[in-house]
Every structure is written in structure tokens, then in C-alpha cells.
Amino acid sequence: MTHRMDFADELDNAADRIADISRADLQIMLRRAALRLRNTEGIVLDEDVNEAVYALAADLKKTKQDLLRIMIREWLEHGGYLPVRAEEEEAN
């Protein structure tokens with residue numbers, strides 16, 4: 001997460017001083033931003049697992065990312081690695 005915040009700060013600073021940035025530096029920053037946007041999903045699943053997750057997400061009317069976030073949280077809660085949240089917290 002720190003690298004992402006550092007990069008976001010770098011982009012903000014570049015926007016503040018756009019006239020002072022060389023074209024080459026700007027190209028590098030934009031390419032890094034594009035690469036990060038392309039790789040936002042992060043988790044690579046086996047094809048059969050990926051298809052099952054997409055199908056379940058569609059059934060539950062959730063995005064794949066939201067469903068994975070819920071599944072991982074529940075797995076960690078049930079395994080005792082995270083405290084179990086109250087029902088009203090889960091609704092948020």
C-alpha cells in the first residue's frame with residue numbers, strides 16, 4: 001500500500017508542477033500509471049476457479065473484487081485471524 005500512496009503523491013506533485021517536468025519523466029509516470037491500472041485485480045486464479053467466482057458474483061449481484069474481499073474476510077474471521085464483525089457492520 002505504501003508504494004501505491006508514494007506513487008499517487010508523485011503524480012499529485014507532478015500535476016502541481018507540470019511545466020517543470022520533462023516529457024520523458026512524464027511519459028514514464030504515465031506508463032507506470034497505466035501499468036498499475038491494468039494490474040488492479042491482483043489475484044490470478046485458476047480458470048475454473050475464476051469462472052466459478054464470476055458466476056457466484058453475478059448470482060449475488062456483486063463485482064468479482066467485492067466478492068473476493070468478502071470471501072477472504074469471512075475465511076479469516078472463521079479461522080480466528082480476524083475478529084468476527086457484528087451484523088450491522090457487515091451491512092456497511
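The following exercises, each with a worked solution, concern a predicted model of a protein chain.

Local features require pLDDT of at least 70 and side-chain atom pairs count only at pLDDT 80 or more, while totals for chains, interfaces and linings use all residues. Residues are numbered from 1 along each chain as its sequence is written, and side-chain values use heavy atoms, with hydrogens and water left out.

**Exercise 1. Overall description**

Task: State how many helices and strands the protein chain has, and what part of the chain is buried.

Solution:
1. Helices (H or I, at least four residues) and strands (E, at least two) are DSSP runs, numbered from the N terminus.
2. The protein chain holds 5 helices and 0 strands, in the order α-α-α-α-α along the sequence.
3. Buried means under 20% relative accessible area, exposed over 50%, and partly exposed in between (1.4 Å probe, protein chains only). Of the 92 residues, 12% are buried.
4. The chain exposes about 8000 Å², of which carbon and sulfur atoms supply 54%; accessible areas come from the Shrake-Rupley method with a 1.4 Å probe, and for residues only the protein chains shown count as cover.

**Exercise 2. The span of helix H4**

Task: Compare the expected span of helix H4 with the distance between its end C-alpha atoms.

Solution:
1. The expected span is 1.5 Å times one less than the number of residues.
2. Helix H4 (residues 64–78) has 15 residues and should therefore span 21 Å.
3. Its end C-alpha atoms are 21 Å apart, which agrees.
4. Within H4, Lys64, Leu67, Leu68 and Glu77 are buried, and their cover includes H3.
5. Gly80, with a positive phi near 85°, follows H4.

**Exercise 3. The surroundings of Glu77**

Task: Determine which residues Glu77 touches and which salt bridges Glu77 forms.

Solution:
1. Glu77 is placed in helix H4 and has a relative accessible area of 7%, so Glu77 counts as buried.
2. Contact means heavy atoms within 4.5 Å. Not counting residues up to four places away in sequence, Glu77 touches Leu82, Pro83, Val84 and Arg85.
3. A salt bridge is a side-chain nitrogen of Lys or Arg within 4 Å of a carboxyl oxygen of Asp or Glu. Glu77 forms one with Arg73, the closest N and O atoms being 3.5 Å apart.
4. Glu77 and Arg73 are separated by about one helical turn, because they are 4 residues apart in helix H4.
5. Glu77 also meets Arg85 in a salt bridge at 3.4 Å, N to O. Through shared partners, salt bridges join Arg73, Glu77 and Arg85 into one network.

**Exercise 4. Helices H1 and H2**

Task: Identify the salt bridge that Glu10 forms, and describe the setting of Ala14.

Solution:
1. The structure holds 4 salt bridges. In one of them, Glu10 pairs with Arg32, with closest N and O atoms 3.4 Å apart.
2. This pair links distant parts of the chain: Glu10 lies in helix H1 and Arg32 in helix H2 (residues 23–38), 22 residues apart.
3. Glu10 has a relative accessible area of 31% and is therefore partly exposed; for Arg32 the value is 31%, so Arg32 is partly exposed.
4. Ala14 also lies in helix H1 (residues 2–16). Its relative accessible area is 4%, so Ala14 is buried.
5. Ala14 touches Ile21 and Met29, not counting residues up to four places away in sequence.
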